[in-house]
Amino acid sequence: MEIVFHIGANCTDEDRLLKSLLRNANVLSQHGVKVPGPGKYRRLIRETIQGLDGAAAPPDTRAILLDAILDDVPTERLVMSNANFICIPNRIFEKGAFYLLAEMKIRGLRQLFPDDPIHFHIALRNPATFIPDTFSRSKFDDLPTFMRGMHPKDVRWSDLIKRVQYLAPDSKLTVWCNEDTPLIWGRIMREMTGVLPSVPLVGTYDLLATIMAPEGMTRMQAYMVTNPPPTPQHELKIITAFLNKYALEDLLEEDIDLPDFTQDLVEDLTDAYDDDINIIAAMPGVTFLEP
């Protein structure tokens, strides 16, 4: 059985991806893909990993987990999503390192299903908005304490990706930018579920609908019915054309309300993020999704 873990990152899609997949639960099940509700596995997996405390899982752990998650439904691919699979926002900068807990959590997730093909999926986000958003959801009152002394300019997603590859070298890794998700939502859904383009999925424009005027969404979908795009590239051109005309401009901008984050710092973080993404996209073994 293929095991798919959507591991976040924190403050990216806010469970919207899971909700879009759950809308297709019945049709996906017909193709051997199971997308259980989060109540089936989030607490169970967290407590199981914590209970192991770094030790190898007993031989019957896999069977016990699958029995609780799948309810005896025949499954070829199991998809599980949790932005907190690695850690909650409070612990992102544990001991002054970026996602230090990835070591324990990725190794733990891998050990739960030692003989199954594992796929990790993760969305990345510009540190200029990622840090303020995760800070706002933490228990901390000041930024330096939240980051345990780490400077925002030292945040590199490529470091995390390298560690995931090191910890689970036999696993597949799919990565994309949170900023691109409205344009590639349907592609992300298919990458995660592994279903062919011929399998009809609903909700492939769910995120696009949050930044485009309803009139634009209606016109775009009507246009695609009468002019089906022959390729994903052609579909993207259509989306971009309608988005240029009907985008809700105020939703395309993010306000950063942190005294520490000056305009110069935001620009420096954004430039460094762009460079970091180029590094990740070129990494062997990484499937990088982009418009």
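A residue counts as exposed when its relative accessible area is over 50%, and as buried when that area is under 20%. Keep those two cut-offs handy, because K95, at 72%, is exposed by that rule. One more thing before you start clicking: this is a predicted model.

**Stop 1: the whole chain**

Show everything as a cartoon. You should find twelve helices and six strands. The C-alpha trace spans about 55 × 50 × 35 Å along its principal axes. For 291 residues, a compact globule would have a radius of gyration near 19 Å, and the chain's 20 Å agrees with that. Colour by accessibility and 50% of the 291 residues come up as buried. Take the contacts between residues at least 6 apart in sequence: 78% of them join residues at least 24 apart.

**Stop 2: the loop between β3 and α5**

Select K95, which sits in the loop between β3 and α5. Its phi is near 55 degrees, a positive value in a residue that isn't glycine. Most residues other than glycine have a negative phi, and most peptide bonds are trans. 

Now select Y99, found in the loop between β3 and α5. Y99 also has a positive phi, about 55 degrees, without being a glycine. Is Y99 buried or exposed? With a relative accessible area of 1%, Y99 is buried, whereas K95 is exposed.

Stay in that loop for F93. At 0% relative accessibility, F93 counts as buried. Which residues does F93 touch, leaving aside neighbours within four places in sequence? Show F98, I131, F146, M147, R148, M150 and V155 as sticks, and you have its contacts. For a sense of scale, draw a distance from F93 to D271: the two are 178 residues apart along the chain, and their C-alpha atoms are separated by 21 Å.

**Stop 3: the rings**

Keep F93 on screen and add F98, Y99, F130, F135, F140, F146 and W157; ring pairs link these eight into a cluster. The aromatic pairs come to 14. One of them is F5 with F113, a tilted pair with 6.1 Å from centre to centre and 50 degrees between the planes. F5 is in strand β1 (residues 2–6) and F113 is in the loop between α5 (102–112) and β4 (118–124), so this pair ties together parts that are 108 residues apart in sequence. Both F5 and F113 are buried.

**Stop 4: helix α6**

Select residues 127–136, which make up helix α6; nine of its ten residues are buried. The buried ones are P127, A128, T129, F130, I131, P132, D133, T134 and F135. What do the buried residues of α6 pack against? Turn on α7 (143–146), α8 and α12, and you will see their packing partners.

**Stop 5: α8 against α12**

Two of those partners deserve their own view. Show α8 (residues 157–167) and α12 (residues 263–281): they pack at an angle of about 25 degrees, with axes 8 Å apart. The two helices are therefore roughly parallel to each other. On the α8 side, W157, S158 and I161 make the contact; on the α12 side, Y273, D276, I279 and I280 do. By class, that contact has five nonpolar residues, one polar and one charged. W157 also belongs to the ring cluster from Stop 3.

**Stop 6: R42**

Jump to R42, in helix α3 (residues 42–52). Despite the charged side chain, R42 is buried, with a relative accessible area of 18%. Not counting residues up to four places away in sequence, R42 touches D15, L18, S81 and N82.

**Stop 7: a cis peptide**

Select G8 and A9 and check the bond between them. What is the peptide bond from G8 to A9, cis or trans? Omega is near 5 degrees, and the bond is cis. A9 lies in the loop between β1 and α1 (16–22).

**Stop 8: out to the surface**

Finish at P74, in the loop between α4 (61–70) and β3 (77–81). P74 counts as exposed, at 71% relative accessibility. Draw one last distance, from P74 to E249: they are 175 residues apart in sequence and 45 Å apart in space, C-alpha to C-alpha.

Note on methods. Residues numbered from 1 in each chain as written. Predicted model: local features only at pLDDT ≥ 70, side-chain atom pairs only at ≥ 80, totals over all residues. Heavy atoms only, no water. Phe/Tyr/Trp six-rings, centres within 6.5 Å; stacked < 30°, edge-to-face > 60°. Helix = DSSP H or I, 4+ residues; strand = E, 2+ residues; numbered from the N terminus. Buried < 20%, exposed > 50% of the residue type's maximum accessible area, 1.4 Å probe, protein only. Axes fitted to C-alpha atoms, helices over the stretch in contact; angles between N-to-C directions. Parallel < 35°, antiparallel > 145°, perpendicular 65-115°, else oblique. Contact = heavy atoms within 4.5 Å. Rg over C-alpha atoms; globule rule 2.2 N^0.38 Å.
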